[in-house]
Amino acid sequence: MNLNLLATTSIEFPNLHISLNNLPKSFSLFGVDIAFYGVIIAFGMLAGIALVCYDAKSSGQDYNLYIDFAMYAIILSVIGARLYYVVFSWDYYSAHPSEIINIREGGLAIYGGVIAGIITCIIYTKIKKISFFKVADSVVLGLILGQIIGRWGNFFNREAFGQVATSRNPFMMRIFFDDNYSINQVPDAVRIGMENLKGMDLSEIGYIQVQPTFLYESVWNLMVLILMLIFRKKKKFDGEVFLWYLF
């Protein structure tokens, strides 16, 4: 097996004393480049399905219904996530229509995936003549677990970070520039903020210092999932857990 790590960049959390040198963004397997983002998303999906099946079985439901549902939901949710991204980036895609289906270059929005998943669930439960809200209560457990894991794909991609963080922030993240991560990939607001903070040109600084918002969301979702698992057996009506998720 030929396994080569590609596109490395160093990332540090100075106040946590964590330094990750030459962190890869992807790897090559038998000549095919595979992004860690995709691997993490796939793992999140499998973990989510496993949790949903466990919840269904423990609550006396047929977990096979959820496995069947997942086959449709995953495909349609990916399409929904892509469509949502394309619609809100239409200025670019209207000029480059051939790029609309090129998801290997990125561009999936969780909102579109959730909306497509809900629509798929409504149709599926109607066809199977089962309660949408009862199914949704189980499905959202897997959905939020997938989000917890999936956000770490943003970490490997060096994306979806927040604004500039000061040195007093205990979780501040530094992303260093190299041949695979350049100043051109940094949002203008972050570039200007860093230059104002350091008082010099960003090319001289050599890194950006930002809020790790992927981490914040992942931890927040983990807390929400724990509360869901603790209190789901005390729900008063079908659909209550689903409403907790939406809230």
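Q: A nonpolar core is a set of buried Ala, Val, Leu, Ile, Met, Phe, Trp, Tyr and Cys residues joined through side-chain atoms within 4.5 Å. Which residues have the most contacts inside the largest one?
A: This is a predicted model: local features need pLDDT of at least 70, side-chain atom pairs count only at pLDDT 80 or more, and totals for chains, interfaces and linings use all residues. Residues are numbered from 1 along each chain as its sequence is written, and side-chain values use heavy atoms, without hydrogens or water. Buried means under 20% relative accessible area, exposed over 50%, partly exposed in between (1.4 Å probe, protein chains only). The largest core holds 49 residues, and the most contacts inside it belong to Phe155, Phe161, Met173 and Ile208.

Q: Which helix gives the most to this core?
A: Helices (H or I, at least four residues) and strands (E, at least two) are DSSP runs, numbered from the N terminus. Twelve core residues come from one helix, spanning 132-157. That top contributor is helix H5.

Q: What does Phe155 contact beyond its neighbours within four places in sequence?
A: Contact means heavy atoms within 4.5 Å. In soluble globular proteins, nonpolar side chains tend to be buried together. With the sequence neighbours set aside, the partners of Phe155 are Ile11, Phe13, Leu20, Leu23, Met173 and Phe214.

Q: Which residues do ring pairs link into a cluster?
A: Rings of Phe, Tyr and Trp (its six-membered ring) pair if their centres lie within 6.5 Å; planes under 30 degrees apart count as stacked, over 60 as edge-to-face and the rest as tilted. The whole structure has 18 aromatic pairs. Pairs of this kind join one cluster: Phe13, Phe27, Phe36, Trp152, Phe155, Phe156 and Phe214.

Q: How many residues apart are Phe171 and Tyr216?
A: Their rings meet edge-to-face, 6.3 Å centre to centre, with 85° between the planes. Phe171 is partly exposed at 37% relative accessible area, and Tyr216 is partly exposed at 32%. Phe171 sits in the loop between H5 and strand E4 (173-176), and Tyr216 in helix H8 (residues 213-231). The pair thus links distant parts of the chain, with a separation of 45 residues.

Q: How far apart in space are Arg168 and Asn15?
A: Arg168 lies in the loop between H5 and E4. Arg168 counts as exposed because its relative accessible area is 78%. In sequence, 153 residues separate Arg168 from Asn15. In space, C-alpha to C-alpha, the distance is 8.3 Å.

Q: What is the volume of the second largest pocket?
A: On a 1 Å grid over the protein atoms alone, a pocket is an open set of points where a 1.4 Å probe fits, with protein on both sides within 12 Å along at least five of seven lines; lining residues have an atom within 4 Å of a point. Grid points are joined across faces, edges and corners, and a volume is the space filled by probe spheres set on the points. For this pocket, the volume is about 200 Å³.

Q: How many lining residues of this pocket are charged?
A: Asp, Glu, Lys and Arg count as charged; Ala, Val, Leu, Ile, Met, Phe, Trp, Tyr, Cys and Pro as nonpolar; the others, Gly among them, as polar. The lining includes Asp55, Lys134, Asp137 and Arg232. It has one nonpolar and four polar residues, and the charged ones number seven.

Q: Is Asp55 buried or exposed?
A: Asp55 is in helix H1. Outside residues up to four places away in sequence, Asp55 touches Ser138, Leu141 and Arg232. Because its relative accessibility is 7%, Asp55 counts as buried.
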